[in-house]
Amino acid sequence: MADENPTLDSTEVPKPDLNRICEQCGREFVLARPPSKQGHGRWCSKSCAAKARPKQLIPIEWRFWRSVNIARSVKKCWPWTGARDAKGYGHITLFDSQGRKIGRSAHRLAFELAFDTVVPDGLCACHHCDNPSCCNPWHIFIGTYSDNMRDSVQKGRIGNEAFREQKRREKQEK
Ligand SMILES: [Zn+2]
Ligand SMILES: [Zn+2]
């Protein structure tokens, strides 16, 4: 999957809408707690989720969150407990309606399921927390490839030499 799209800049990055209406009681609520406590963003509370479940809970969500070690707090990392790739990112295999396999990044899917949104092709699901296996949607933001690079440099993931080299090049271009 390509993570680079030079035509998009940060101002165009979509921000998920966190306002929700409970599918069981109709109350408005804001997504602010782990999906396990808020009925996967579809119900306002555990009790509403319990009334609606299991017939309305889609299997992907159920299967997905079962493989995440969800902490009690949104401040903590929620590690993926399933398969990981060489870089430590979680990986899940889903099947489409024709039964074909679709491989998905776990953290990207976590963000999409929790906030009921789609990370557009060409944009990254980046980690604030620098923890590749983390599936806490509040630790993930949609960014461009260059946002992710800048983030890496600021946090020291990429060596200072590479950063200085990039700065030198930017100066020359001005
Ligand atoms: Zn409710
Ligand atoms: Zn995290």
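**View 1. Ala 83 in the loop between α2 and β3.** In this predicted model, Ala 83 sits in the loop that runs between α2 (59-66) and β3 (91-95). Is Ala 83 buried or exposed? The answer falls in between: Ala 83 counts as partly exposed, because 13 C-beta neighbours lie inside 10 Å, whereas a buried residue would need 20 or more. If you would like a partner to look for in this view, try Ser 67, 16 residues away from Ala 83 in sequence. The C-alpha atoms of Ala 83 and Ser 67 are 9.4 Å apart.

**View 2. Helix α3, largely enclosed.** Here we turn to α3, which spans residues 106-115. Why is this helix described as largely enclosed by the rest of the structure? Because 9 of its 10 residues are buried. The buried residues of α3 are Ala 106, His 107, Arg 108, Leu 109, Ala 110, Phe 111, Glu 112, Ala 114 and Phe 115, so do take a moment to find the charged names Arg 108 and Glu 112 in that list.

**View 3. Asp 116, just past the helix.** Step just beyond α3 and you meet Asp 116, with a positive phi of about 50 degrees. Asp 116 is not a glycine, yet its phi is positive. Asp 116 belongs to the loop between α3 and β5. With 14 C-beta neighbours inside 10 Å, Asp 116 is classed as partly exposed.

**View 4. The largest nonpolar core.** How many residues make up the largest nonpolar core? There are 21, and those with the most contacts inside the core are Ala 106, Ala 110, Phe 111, Ala 125 and Cys 135. At least two core residues come from each of α3 (106-115), β5 (124-127) and β6 (140-143). The largest share belongs to α3, with 6 residues. In soluble globular proteins, nonpolar side chains tend to be buried together.

**View 5. Ala 125 and its contacts.** Zooming in on Ala 125, which residues does it touch once neighbours within four places in sequence are left aside? Ala 125 is in contact with Ser 105, His 107, Arg 108, Phe 111, Val 119, Ile 140 and Ile 142. Among them, His 107, Arg 108 and Phe 111 are buried residues of α3.

**View 6. Strand β5, covered on both faces, and its partner β6.** In a regular strand the side chains alternate between the two faces of the sheet. On one side of β5 are Cys 124 and Cys 126, and on the other are Ala 125 and His 127; these four residues are buried, leaving both faces covered. Strand β5 pairs with β6 in the antiparallel sense, over 4 bridges. A handy landmark in the pairing is Cys 126, which stands opposite Phe 141 of β6.

**View 7. Asp 130, between the paired strands.** The loop from β5 to β6 holds Asp 130. Its phi is positive, about 65 degrees, although Asp 130 is not a glycine. Asp 130 has 14 C-beta neighbours inside 10 Å and therefore counts as partly exposed.

**View 8. The chain end and the wider setting.** Please read residues 1-6 with care: pLDDT stays under 50 there, and the model has 7 contacts beyond four places in sequence for this stretch. The protein chain averages a pLDDT of 78, and 70% of the residues score at least 70. The chain has 5 helices and 6 strands, in the order β-β-α-α-β-β-α-β-β-α-α from the N terminus. Of its 174 residues, 26% are buried.

Technical notes
Residues are numbered from 1 along each chain as its sequence is written. Chains are lettered from A and ligands numbered from 1 in the order in which they are written. This is a predicted model: local features need pLDDT of at least 70, side-chain atom pairs count only at pLDDT 80 or more; totals for chains, interfaces and linings use all residues. A nonpolar core is a set of buried Ala, Val, Leu, Ile, Met, Phe, Trp, Tyr and Cys residues joined through C-beta atoms within 7 Å. A residue is buried if 20 or more other C-beta atoms lie within 10 Å of its own, exposed if 12 or fewer, and partly exposed in between; C-beta atoms are placed from the backbone. Two residues are in contact if their C-beta atoms, placed from the backbone, lie within 7 Å. Two strands pair if DSSP finds at least two bridges between them. pLDDT is the predictor's confidence in each residue, from 0 to 100.
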